[in-house]
Amino acid sequence: MKLIVGIILSGLFWQILAQAEGLDCEQLRYTTKLVECGTTVIQADIPLDEQKSLIARYPSAKILSGDLTNDGINDFALSIAEHKDDGPVNRVIVLKGKHGGGYEEFAESSEIEFGTEDIEIKNHSLYINIVRHDLQETYQFNYRKGHFVLIGLDEVAYTPGVTSYNYVETSTNFLTGDVIENTVEEKMPQTEKTKLSSGERILLNLEDFGH
């Protein structure tokens with residue numbers, strides 16, 4: 001009970017504080033510490049002066065903060081939704097934090113045209129999650145030698161079976177070349193381990209990533 005009350009009070013604190021500083025925001029989800037400001041969803045613990053700057057510059061975006069370059073300075077990851085003649089598309093942008101404050105655009109993906117897209121920051125990595133009706137994909141990008149590169153991919157593909165849905169879970173590590181595939185058909189699991197060829201172990205830059 002105390003935990004629930006604490007979460008609610010924390011959410012109300014961020015909402016009141018944001019409004020006091022001139023942001024017209026409503027709390028989106030207390031449990032994830034995100035604040036909705038118009039068409040922008042932003043991480044609530046980002047300093048309010050940076051919130052204002054980011055919301056003004058990147059409307060209709062989801063904006064998260066974390067140390068993506070492992071230098072002790074918070075960076076930003078943005079998922080930006082756009083509407084084009086042939087349907088909605090998303091782009092992912094990484095802003096690199098500067099010493100002493102501020103940020104600069106560092107990397108931007110190509111257009112992601114298919115599926116519902118979301119982003120996460122965990123353990124100095126950027127995760128891009130894409131969901132379609134029969135496929136879920138999670139791409140892990142990590143900062144290496146001045147670029148954000150694709151180091152991992154987890155996929156879950158579903159197909160209808162006789163008595164239940166069958167699915168295949170595939171986990172690919174582009175650094176080691178390891179591929180683990182778990183197949184479940186009619187509730188019977190099977191695991192297969194393989195290796196990528198040297199030509200398949202290409203660390204794709206975020207700028208070249210899109211659907």
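In the predicted model, Asn70 lies in the loop that links strand S4 (61-66) to strand S5 (75-84). The phi angle of Asn70 is positive, near 60°, in a residue other than glycine. Most residues other than glycine have a negative phi. With a relative accessible area of 55%, Asn70 is classed as exposed because its value is over 50%. A second asparagine, Asn123, also has a positive phi, in this case near 50°. The loop that holds Asn123 runs between S8 and strand S9 (125-131). Asn123 is likewise exposed, and its relative accessibility is 70%.

A glycine with a positive phi is found in the hairpin of S6 and S7: Gly100, for which phi is near 90°. The two strands of this hairpin are separated by 5 residues. Strand S7 covers residues 103-108, runs antiparallel to S6 and is joined to S6 by 5 bridges. Within this pairing, Leu95 is placed opposite Glu105 of S7.

Strand S6, which spans residues 87-97, also contains Asn90. The relative accessible area of Asn90 is 14%, so this residue falls under the 20% limit and is buried. The side chain of Asn90 makes a polar contact of 3.0 Å with the side chain of Glu117. Beyond four places in sequence, the contacts of Asn90 comprise Ser79, Ile80 and Ala81, together with Ser110, Glu111 and Ile112, and finally Glu117. Glu117 is thus both a contact of Asn90 and the partner in its side-chain polar contact.

A further buried polar residue is Gln43, with a relative accessible area of 16%. Gln43 belongs to strand S3, which comprises residues 40-43. Its side chain approaches the backbone nitrogen of Ser65 to 3.0 Å. Apart from neighbours within four places in sequence, Gln43 is in contact with Lys33, Leu34 and Gln51, as well as with Ile63, Leu64 and Ser65. Ser65 therefore appears among the contacts of a residue that is buried at 16% relative accessible area.

Seven strands are assembled into an open sheet. Their order is S8-S9-S10-S11-S12-S13-S14, and the pairing is antiparallel. Strand S8 (116-122) and strand S14 (188-195) form the edges, each pairing on one side only. Direction ignored, neighbouring strands of this sheet are turned against each other by 15° on average. In a regular strand, side chains alternate between the two faces of the sheet. Within the sheet, strand S12 (residues 165-173) and strand S13 (residues 178-185) run antiparallel and are connected by 6 bridges. Val168 is located opposite Thr183 of S13.

Leu135 is part of strand S10, which extends over residues 135-144. This leucine is buried, with a relative accessible area of 18%. Its contacts beyond four places in sequence are Ile130, Val156 and Ala157. The C-alpha atoms of Leu135 and Tyr158 are 6.3 Å apart in space, although the two residues are separated by 23 residues in sequence.

Across the protein chain, 2 helices and 14 strands are assigned. The chain has 211 residues, of which 39% are buried. Among contacts with a separation of 6 or more, 31% are formed by residues 24 or more positions apart. The exposed surface of the chain amounts to about 12,100 Å², and 53% of this area is supplied by carbon and sulfur atoms.

Confidence in the prediction varies along the chain. The mean pLDDT is 83, and 82% of the residues reach 70 or more. Over residues 2-14, pLDDT stays under 50, and the model has 10 contacts beyond four places in sequence for this segment. Another segment with pLDDT under 50 covers residues 27-31, for which 16 contacts beyond four places in sequence are present. Where pLDDT is low, the predicted coordinates should not be read in detail.

Notes: Residues are numbered from 1 along each chain as its sequence is written. This is a predicted model: local features need pLDDT of at least 70, side-chain atom pairs count only at pLDDT 80 or more; totals for chains, interfaces and linings use all residues. Side-chain values use heavy atoms; hydrogens and water are left out. pLDDT is the predictor's confidence in each residue, from 0 to 100. Contact means heavy atoms within 4.5 Å. Helices (H or I, at least four residues) and strands (E, at least two) are DSSP runs, numbered from the N terminus. Buried means under 20% relative accessible area, exposed over 50%, partly exposed in between (1.4 Å probe, protein chains only). A polar contact is a pair of N or O atoms within 3.5 Å; within protein, one must be able to donate a hydrogen and the other to accept it, and residues adjacent in sequence count only if both atoms are side-chain atoms. Accessible areas come from the Shrake-Rupley method with a 1.4 Å probe; for residues, only the protein chains shown count as cover. Two strands pair if DSSP finds at least two bridges between them. Axes are lines fitted to C-alpha atoms, for helices over the stretch in contact, and angles run from 0 to 180 degrees between N-to-C directions.
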